[in-house]
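Let's look at how some structural labels are earned. Here is the model to keep beside you.

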Amino acid sequence: MATYSTSQFKPGLKILVDGEPHSILVNDIVKPGKGQAFNRIKIRNLKNGRVGEKTLKSGESIEAADVLEVELQYLYNDGSDWYFMDSKTFEQVSANLDAVGDARFWLKGQEICDVTLWNDHPIVVVPPNFVVLEVSESDPGLKGDTASGGTKPAVLETGATVKVPLFVEQGESIRIDTRTGEYVSRSKEN
Amino acid sequence: MDDSKSDNAKTREVFRRRALLLQKIRTYFSSEGVTEVNTPVLSEFGSCEPALKNLSLNKGRRKYLRTSSESSLKQLLSHNLGDVYEIGPVFRDEEIGPCHLEEFTMVEWYRTNVELLFLIEDVRCLLARCGYQDTIDITTYAELFQNASGLNPHNCGNSELVSCAIEKGVDLKECDLNDRALLLDAVYVSVVEPLLKSFSPVFIIDYPKEHRAYARLSGTTETVALRFELIINGIEIANGYDEITESLEQKDRFNAENRLRKRRGLEQIEPDAAWLDALSSGVPSVCGVALGLERLEMALWEISDIRSLGIKSY
């Protein structure tokens, strides 16, 4: 089992705390005048994003988390899991709903995603910042209301619902910012 | 080009400011009748202090780089030189960070036949002479500790310290649970220390006896150590003792430190015979303090990273 000594601590290091993978955000060495030195670390749980603190005696070791950030291509969803492929080795991995989370709203296939692997299993999937998706369902916009900047809901081919300007029509492709879930523009793709 | 020009200017400023500061310190001690001395950096003996890691050279006979001038200065005290001070480099292995250097400059001085409060006043005067304007309060370790943790550091149970530390996310091992000095540190680091940054400058006095280091214990009750630390912006600037002057008591301290070292799985360090001999031959009653020069500069010039006080390397 790989371990890291406190002298190796630095922001970004991946460690196991209470059986969960964490990333070190801040590493402070605190040493009372004549006392034992400690490393006080701020850590983020890689699975749920929760931030916490932990203090260890300097010189101690902590288990390393086998965490890897990779780019994988999204292939398909079989109803329960999402499948991704390494486009160099063609190896495939499946991710469950916990790992895919809201990314599922933006994936239709072929997208290159940033995937965090822990012990070779995806724990976090981040879709591309921008995706182009087709509007599969949206009421026609009201004539004469184009100047108000009003919006209406539109259902996309992935099942996600976003707010779009009134002039966007069913069957059109639009560009979405996946970080905010907001409409950016109409797309000329497709 | 612009970057290296501004680096040049920064380095020049750091070193000019240092030169002026050293002048002020020397002027102060000279006006107080304290004699400047230079003592060896290399020593046959390392420090037994469990919290310090010695740097040593292994060419032929092992020699240690001093962690402070304490031993040499105490040897000089036994020669009746009176009040002495030294400004020089000291070394502590693996202490690197925004507030730590492996090699730093220590201003260490000893005042004979005075009380610890005189030495605290002495530090105040020196800082004022160096241009430090803020007033510095005095508080006891117990008050600070109790306000922050609800526990009395002198008489609370080890188990109370353990639960407080664990609640704050400190990782303790089985062997730590009866190491009271370490448990006090664990609570201090997780509860007290984070508050210090927001405190005004303060002398912390009356340390628990587990953290007496080489300070005498007070009076007949011997519950607190006659020791102080000066904290500015949450950082330790200086550490002073009403010094142990009995050879046997000092030897007991070295042995106790080696026992603690053994328990913590650290190397045993041979007690400093020259130091013990000096005490045996007799030194006057004395209070001593060590002040980190770079730490003082951090406080004076509001510097956040001690490493910026060296030569800017390319």
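The questions below take a few labels and set them against their definitions.

Q: How do you know which residues and values can be used here?
A: This is a predicted model, where local features need pLDDT of at least 70, side-chain atom pairs count only at pLDDT 80 or more, and totals for chains, interfaces and linings use all residues. Residues are numbered from 1 along each chain as its sequence is written, chains are lettered from A and ligands numbered from 1 in the order in which they are written, and side-chain values use heavy atoms, with hydrogens and water left out.

Q: Why are α2(B) and α8(B) called roughly parallel to each other?
A: Helix α2 (residues 70–77) and helix α8 (residues 273–281) of chain B pack at an angle of about 25°. Angles under 35 degrees count as roughly parallel, so α2(B) and α8(B) earn that label. Their axes, lines fitted to C-alpha atoms over the stretch in contact, are 9 Å apart.

Q: What is the handedness of the crossing of α2(B) and α8(B)?
A: The crossing is left-handed, a word used if the near helix is turned anticlockwise from the far one by less than a right angle.

Q: What makes a space a cavity, and how many cavities of 30 Å³ or more are there?
A: On a 1 Å grid over the protein atoms alone, a cavity is a set of points where a 1.4 Å probe fits but cannot get out. The count comes to 1 cavity of 30 Å³ or more. The largest cavity holds about 70 Å³ of space, and a volume is the space filled by probe spheres set on the points.

Q: Which residues line the largest cavity?
A: Lining residues have an atom within 4 Å of a point; among them are Pro32(A), Lys34(A), Tyr141(B), Asp185(B) and Glu229(B). In chain B, α6 (180–196) and β9 (224–232) each supply at least two residues of this lining.

Q: How large is the second largest pocket, and which residues are closest to its centre?
A: It holds about 910 Å³ of space. Of the 34 residues that line this pocket, the closest to its centre are Gln36(A), Ser58(A), Gly59(A), Lys53(B) and Glu94(B). A pocket is an open set with protein on both sides within 12 Å along at least five of seven lines.

Note on methods. Helix = DSSP H or I, 4+ residues; strand = E, 2+ residues; numbered from the N terminus. Axes fitted to C-alpha atoms, helices over the stretch in contact; angles between N-to-C directions. Parallel < 35°, antiparallel > 145°, perpendicular 65-115°, else oblique.
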